Amino acid sequence: MSTRNKVLTLALLVAGCVVFAQGGKEAVSKKGEIPKLTFLTNVNVDTEGYDVNESPYLKFIEDKFGVDIEIITESTQYQEKLNATMASGNLPDYVNILKKADLQRWASEGLLMPLDDLLKKCPNLQSQIMPLAWSLSTYDGDNKIYGVPLLRYDSTPLMTYARKDWMDKLGIKPEDVKTTDDWYNLLYKFVHDDPDGNGKNDTMGLASRNNDYSAVYLTFPEAFNGACDQIIDGKVIPNYLTPGYKDYLKYMQKLYVDGLVDQQYLVTSSQQMWEKIRDGKVGAFLGFWMLTELRSLNVDISNFYPIEPPLRSDGSRSFYRYGSPIRTYTAISATCKNPEKVMEILDWAATEEGGIFVFAGIEGLDWNRDASGNIVIKPERRGKNTSLRFILLGAQKPKIDTPVLESLMAQSWGETGLNDLTVASRSGGYDEIEMAAPYFPELAVYDIDSQVKEFRDLAIMGKIDIDKEWDGYVKKILDAGASQKIRLMTDWYNKNHK
């Protein structure tokens with residue numbers, strides 16, 4: 001299959017674009033004033049060392065739309081920053097929201113602006129974003145849209161990688177790593193069989209980090225049927241209370257206690273993890289298919305082989321499970337004075353011109369045109385800052401549907417990257433029950449997640465006996481709000497799935 005057809009096959013089925021007319025800062029306001037916008041967003045990617053508010057890409061957006069944007073961010077504890085900001089009453093003009101439940105909760109509290117009327121002037125967003133995504137961005141209380149969903153062409157982007165050279169030396173073929181036992185044996189050999197050939201016991205099996213996009217949390221749960229909500233005895237049971245989740249924790253504990261997982265994963269930042277991989281001591285890890293961070297560290301991407309999630313015990317496939325095809329939501333606060341400007345930026349992001357900005361960057365800085373007028377990305381800029389650019393925009397064109405954008409994809413990621421995209425796309429799926437469930441305001445008073453995560457990490461690190469503590473954990477989580485969630489989810493499910 002050609003590069004072009006691969007990309008078309010993997011893209012979301014949405015289309016169409018019309019571009020707003022823009023002017024420079026000097027042409028924006030009749031009063032000569034430049035609109036000021038504040039944007040709270042999660043800049044958790046490389047900025048090449050500069051302050052995000054001094055980024056040439058932010059300056060490009062400001063000049064194009066005649067605005068002055070202040071980016072407010074927190075890279076490592078963004079959810080906490082987001083919660084505190086929304087609770088403070090001092091709201092930014094627009095905000096990047098990570099979870100559907102938060103979008104609906106803050107909509108119900110009157111902190112966000114409904115976007116339905118504004119969207120009537122946004123033909124690109126209207127035509128390119130699929131109905132399911134708009135449905136998932138709608139507050140059930142008034143049936144209005146409160147967020148622009150960030151849909152990417154790679155809606156299931158994560159992949160677990162293993163070093164080819166180490167596997168070759170150990171005589172392991174990537175296609176033979178299929179089961180959880182195969183994974184255990186692979187990681188064991190990475191740690192104990194001197195795969196780098198230096199005669200020292202200094203190699204790591206599985207690297208991980210202290211966020212949810214981490215191998216310890218995403219690579220293995222589905223193999224034990226512990227990644228998704230399930231119907232058990234007629235009730236909707238959250239994944240973290242299922243028998244399969246318990247089995248997943250026991251497997252991860254064995255990996256950790258046997259020294260096959262980075263012993264410091266819970267205090268390892270993303271940047272620290274990438275640096276460990278760069279230094280040549282890591283055998284396997286989980287990352288986004290394009291491996292932008294390693295490219296920026298001049299690591300040979302072709303030396304990492306994408307391996308699909310381990311099979312279930314019955315031999316069936318497992319998947320990386322995502323909560324939704326929506327990566328995040330960009331919402332406008334109820335106090336924003338220039339919502340039309342925000343929507344203008346978001347709508348432009350969904351055009352081909354916006355796609356060129358995200359995938360190629362800025363003319364002169366990142367790319368030039370050849371004699372035929374084609375965009376040619378500078379070799380040293382290929383794949384650079386694509387994530388940063390769509391984060392700064394707050395949206396992205398969800399489909400690679402023109403020859404220009406297909407060419408930019410091929411230039412940036414090459415055949416290796418596009419092959420990894422193919423593997424990632426067929427390896428992902430969604431928690432269908434959790435994705436479709438409505439917002440339940442009754443659950444806003446509970447903090448179930450933090451208690452689930454606390455038990456999860458104590459279990460993985462071998463600090464508790466999972467079998468002995470499991471019943472107590474289940475009772476604690478039920479008392480912490482999960483029993484209420486089960487009741488609400490079950491009532492909703494039974495009404496809508498007869």
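**Sheets, cores and helix packing**

In this predicted model, five strands build an open sheet with mixed pairing, arranged in the order β2-β1-β3-β14-β6. The edges of this sheet are taken by β2 (68-72) and β6 (148-151), each of which pairs on one side only. From one strand to the next, the twist averages 20 degrees.

Within this sheet, strand β3 (residues 94-97) and strand β14 (residues 326-332) are joined by 4 bridges in the antiparallel sense. A convenient residue from which to look around is N96, which lies in strand β3 and stands opposite T330 in β14. N96 has a relative accessible area of 6% and is therefore buried, the cut-off for that class being under 20%. Leaving out residues up to four places away in sequence, N96 touches F39, L40, T41, N42, Y78, L82, T328, Y329 and T330. Helix α3 (residues 78-88) lies across β1 (36-40), β2 and β3, and the angle at which α3 runs to β3 is about 135 degrees.

A second sheet deserves a look too. Here 4 strands, in the order β8-β11-β7-β12, form an open sheet, again with mixed pairing. Its edge strands, each pairing on one side only, are β8 (204-206) and β12 (304-307). Direction ignored, neighbouring strands of this sheet are turned by 35 degrees against each other on average. The pairing of β8 with strand β11 (residues 282-288) is in the parallel sense and spans 2 bridges; L206 has A284 in β11 as its bridge partner.

Helices lie across this sheet as well. Helix α9 (residues 180-192) lies across β7 (158-163), β8, β11 and β12, and runs at about 160 degrees to β8. Helix α12 (residues 270-278) lies across β8, β11 and β12, with an angle of about 135 degrees to β11.

Turning to the nonpolar interior, the largest core holds 149 residues, and those touching the most other members are I69, L112, L125, F285, M343 and Y473. Helix α17 (residues 403-426) gives the most to this core, contributing 8 residues. A second core, separate from the largest, has 8 residues, among them V236, A437, F440 and L443.

One of the well-connected core members, M343, is found among the buried residues of α14, together with P339, K341, V342, E344, I345, L346, D347, W348 and A349. Helix α14 (residues 339-349) is mostly covered, with 10 of its 11 residues buried. For Y473, the contacts beyond four places in sequence are Y240, L241, Y245, V452 and F455.

Y473 also leads to a helix pair. Two packed helices are described by the angle between their axes and the distance between the axes. For helix α19 (residues 448-460) and helix α20 (residues 466-496), the angle is about 170 degrees and the axes are 9 Å apart. Since angles over 145 degrees count as roughly antiparallel, α19 and α20 are therefore placed in that class. On the α19 side, the contact is made by I448, Q451, V452, E454, F455 and A459, while α20 brings I466, E469, W470, Y473, K476, I477, A480, G481 and A482. Sorted by class, this contact of α19 with α20 comprises 10 nonpolar, 2 polar and 3 charged residues.

Note on methods. Residues are numbered from 1 along each chain as its sequence is written. This is a predicted model: local features need pLDDT of at least 70, side-chain atom pairs count only at pLDDT 80 or more; totals for chains, interfaces and linings use all residues. Side-chain values use heavy atoms; hydrogens and water are left out. Two strands pair if DSSP finds at least two bridges between them. Axes are lines fitted to C-alpha atoms, for helices over the stretch in contact, and angles run from 0 to 180 degrees between N-to-C directions. Contact means heavy atoms within 4.5 Å. A nonpolar core is a set of buried Ala, Val, Leu, Ile, Met, Phe, Trp, Tyr and Cys residues joined through side-chain atoms within 4.5 Å. Buried means under 20% relative accessible area, exposed over 50%, partly exposed in between (1.4 Å probe, protein chains only). Angles under 35 degrees count as roughly parallel, over 145 as roughly antiparallel, 65 to 115 as roughly perpendicular and the rest as oblique. Ala, Val, Leu, Ile, Met, Phe, Trp, Tyr, Cys and Pro count as nonpolar, Asp, Glu, Lys and Arg as charged, and the others, Gly among them, as polar.
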